[in-house]
Amino acid sequence: MTQRFTRVAAILMATTAGFAAHAQDSVTIVLSEELENVEPCMASKSNIGRVILQNVSETLTELVPGTGLEPRLAESWEDMGNGTWRFNLREGVTFSDGTAFDAGDVVFSLERNKSDKFVCEIGAKYYGGMTLTTNVIDDTTIEITSDPAQPILPLLMSTLTVLPSEANPDAFVDQPIGTGPYTFDEYNRGENIKLSVRDDYWGEAPTIKNATYLFRSESAVRAAMVEAGEADIAPNIAVQDATNEATDYSYPNSETVYMRLETATPPLDDVRVRQALNYAVDKEAFVGTILANGTLLATGMVPPSTIGYNTDLQPYPYDLEKAKALLEEAKADGVPVDTEILVIGRLENYANVTETMEALVAMWQDAGFNVTLNMVETAEWNEYYSKPFVEGKGPIMVNAQHDNANGDPVFSMFFKYASDGVQSGISDPKLDEMIAAATAATGDEREALWKDTFAYIFNDVVADVFLWHMVGFTRVSDKLDFEPTIRTNSELQLSQIKFK
Amino acid sequence: MLSFLGKRAVASAISLIGLVILVFFLSRLTGDPTNLYLPVDASLESRERFREINGLNDPLIVQFFRYAGDLIRFDFGMSVRRGEPALDAVLRAFQWTLWLALITMTLVTVAAIVVGSLAAFRVGGIFDRIATFFSLIGASAPDFWIAIVAIVVFSVSLGWVPTSGTGTVWHWILPVSVLFIRPFGLILQVVRGSMISTLSSAYVKTARAKGVRNRPIIFVHALRNAMLPVITVIGDQAAGLLNGAVIVETIFGFPGVGKLMIDSILQRDFTVVLAAIFVTAVAIFLMNILIDIFYAVLDPRIRY
């Protein structure tokens with residue numbers, strides 16, 4: 001009996017050895033939600049991107065924080081004029097199934113991205129409103145022409161994940177094959193994903209040989225897993241769980257929070273009213289209280305690391321008297337400032353969003369605005385945020401959080417400010433021209449034009465209530481040499497992780 | 001009995017058809033999934049393409065008959081988000097939920113019957129007071145709080161069990177323990193109440209007068225008669241677990257059907273919602289039939 005008990009105990013003890021110990025060449029990463037699919041053309045979704053992007057599937061170019069656009073599968077590129085760019089592809093690259101990478105795979109990936117059999121998020125997000133045609137010069141040279149011309153086509157190519165032309169053109173793949181340093185080994189739905197390093201990767205061999213991804217939606221549990229040694233990296237933990245300075249990294253997460261105003265509806269059609277909304281908010285009071293320390297006050301739609309970000313602009317100071325005076329002035333001119341304004345917030349959009357919205361509404365009420373808060377689910381919120389806008393509910397302000405980690409304002413500005421932009425609350429021909437000009441420009445001229453555009457939106461049009469550039473928190477095991485960056489919001493390159 | 005089972009099966013099938021129709025139209029009332037599937041920056045052209053590919057531009061009644069036609073062939077459709085058959089996703093998740101419910105309810109039933117019966121034997125005694133005190137705490141404590149505290153204490157501080165997930169027998173300890181507490185408290189109280197009533201009946205007094213020992217009186221004579229209301233409550237609690245223990249599944253990263261269903265509702269992944277509701281409804285119908293059979297086994301007066 002004693003012997004049997006000892007044997008059972010030994011077996012049970014043996015099974016426990018796995019939950020806190022890791023080999024020195026392996027990492028476990030705990031993500032905030034299970035991946036719905038592992039399709040590379042959906043890698044713009046943050047959790048899919050953190051597994052797939054640059055680990056399994058690579059892109060032609062790569063945006064590196066602090067450095068700019070770098071070669072990846074394309075070694076170089078040049079502008080051939082008339083919207084055509086030539087990309088010189090890297091030689092000797094193979095997919096994880098052993099097939100060679102060539103220009104045909106780029107053509108296939110571009111076409112699949114806009115398939116009429118299923119919808120790819122990367123295609124829908126980055127390649128809408130343009131037609132791309134390709135011309136394969138040889139196996140390692142391809143010309144891509146965009147109509148209308150895209151001066152940032154090389155930057156756009158940092159979003160295109162390349163699949164082998166043998167992949168299923170009509171449906172999601174469930175076993176992605178890529179050129180990246182890791183092979184996608186298995187996906188045990190609901191439990192884990194496993195990657196392992198390739199020994200025939202074209203680039204430098206990574207330190208990390210094996211990676212396991214787990215999924216826990218509760219932030220406190222993700223943080224506890226790193227603390228207990230069950231996981232090594234937990235991206236996207238809540239501010240209240242980031243309690244350990246030694247392991248919890250705070251970094252700008254590329255999200256900008258703002259209030260989108262529908263400027264066609266009175267009283268929001270009056271610039272003084274929009275200025276008053278900005279002056280009435282004590283933005284600094286939120287930082288370090290209900291928003292994390294390190295949160296920056298915003299003057300534009302994109303984070304400060306984006307080209308053309310206008311550092312000359314200063315946030316609207318909190319000035320309640322000025323807000324009241326502007327409202328009085330507008331009222332004297334017949335603007336219906338007493339009209340009820342509906343404020344729409346999105347539940348669980350970011351940490352403490354409800355508290356934030358309640359505080360904002362209280363501040364506007366102090367200034368004399370007649371505002372009512374309505375917190376709604378994502379689907380309902382989207383009906384307020386995207387065109388066609390909800391009608392018959394009077395003036396509306398929508399609280400939104402916008403992510404742009406791609407380094408260029410073009411990924412934001414048309415959608416948010418052009419007259420035809422899906423989420424634009426403004427229709428201003430001059431602004432349309434400025435966006436078009438900046439989009440078409442290159443180099444220093446492009447940077448200058450975006451700067452001017454930001455200044456026009458902020459000072460002259462006062463299109464929004466500009467609030468904050470947010471920060472995120474990632475808990476990293478103290479045995480790892482890895483520091484999250486603004487890109488950690490959308491990708492997590494295993495090859496950048498080292499052991500101390 | 002066979003005619004009873006046949007009637008129950010027909011009634012269940014009719015209810016199931018009604019449920020599918022109701023859920024189909026109610027889920028569509030929540031709106032168009034396009035805006036949730038695609039990023040807010042997606043172009044209008046992409047949105048239109050998504051609707052066309054997924055048949056969302058067709059009139060609702062056309063969508064329903066298309067769905068019903070597929071369902072007759074037991075084809076629940078593809079999950080838009082997962083890119084896999086909806087039924088595959090549901091059955092995979094349901095296995096976890098079934099095991100979780102089975103293990104938890106087995107432990108709960110055994111523990112609640114033993115402790116409840118002993119507590120009822122000496123009402124107001126020290127054992128009864130302790131059992132009642134802890135069962136009331138268990139029945140009223142919130143799951144999510146107990147779960148987080150259990151992780152902090154037993155996983156992070158003591159390191160005895162994993163925080164969450166699956167893989168070894170140790171991974172089941174915290175989720176099952178947290179799930180155990182509430183139904184244990186509730187069923188224990190029902191067992192205790194039912195046993196107090198049964199133990200005061202004439203036949204138990206007669207047995208005592210004849211000198212029958214306490215253990216056979218409690219566990220042989222009284223318990224069987226006290227079990228009918230207990231089985232009803234056990235069935236009710238088990239049905240709740242079969243629907244998915246959403247909070248426990250969420251916190252412990254258990255890939256069960258409750259979390260899948262909630263996620264699918266929030267994401268408007270209609271095919272998965274319908275498949276999940278269909279599978280859990282079938283399981284609950286089957287369980288109710290089993291409970292009816294148990295009634296007949298325990299009480300010879302009940303005949304169908």
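Q: What makes residues of chain A and chain B part of the contact, and how many does each chain give?
A: The contact takes 43 residues from chain A and 41 residues from chain B. Two residues are in contact if their C-beta atoms, placed from the backbone, lie within 7 Å. This is a predicted model, in which local features need pLDDT of at least 70, side-chain atom pairs count only at pLDDT 80 or more, and totals for chains, interfaces and linings use all residues. Residues are numbered from 1 along each chain as its sequence is written, and chains are lettered from A and ligands numbered from 1 in the order in which they are written.

Q: Which element gives the largest share of the side of chain B that touches chain A?
A: The largest share, 6 residues, comes from α3(B). Helices are DSSP runs of H or I with at least four residues, strands are runs of E with at least two, and both are numbered from the N terminus.

Q: How is the side of chain B that touches chain A divided by class?
A: This side has 18 nonpolar, 16 polar and 7 charged residues. Ala, Val, Leu, Ile, Met, Phe, Trp, Tyr, Cys and Pro count as nonpolar, Asp, Glu, Lys and Arg as charged, and the others, Gly among them, as polar.

Q: Why is helix α7 of chain A called largely enclosed by the rest of the structure?
A: In α7(A), residues 271–279, 7 of the 9 residues are buried, so the helix is largely enclosed. A residue is buried if 20 or more other C-beta atoms lie within 10 Å of its own, exposed if 12 or fewer, and partly exposed in between. Among the buried residues are Arg272(A), Val273(A) and Tyr279(A). The buried residues of α7(A) pack against β12, α8, α9 and β17 of chain A.

Q: Why is Pro266(A) called partly exposed?
A: Pro266(A) has 16 other C-beta atoms within 10 Å, and this count lies between the two cut-offs, so the residue is partly exposed. Pro266(A) sits in the loop between β12 and α7 of chain A. Beyond four places in sequence, Pro266(A) touches Val335(A), Pro336(A), Thr339(A) and Pro395(A).

Q: Which residues touch the most other members of the largest nonpolar core?
A: They are Val90(B) and Ala276(B), in a core of 206 residues. α5(B) gives the most to this core, with 16 residues. A nonpolar core is a set of buried Ala, Val, Leu, Ile, Met, Phe, Trp, Tyr and Cys residues joined through C-beta atoms within 7 Å.
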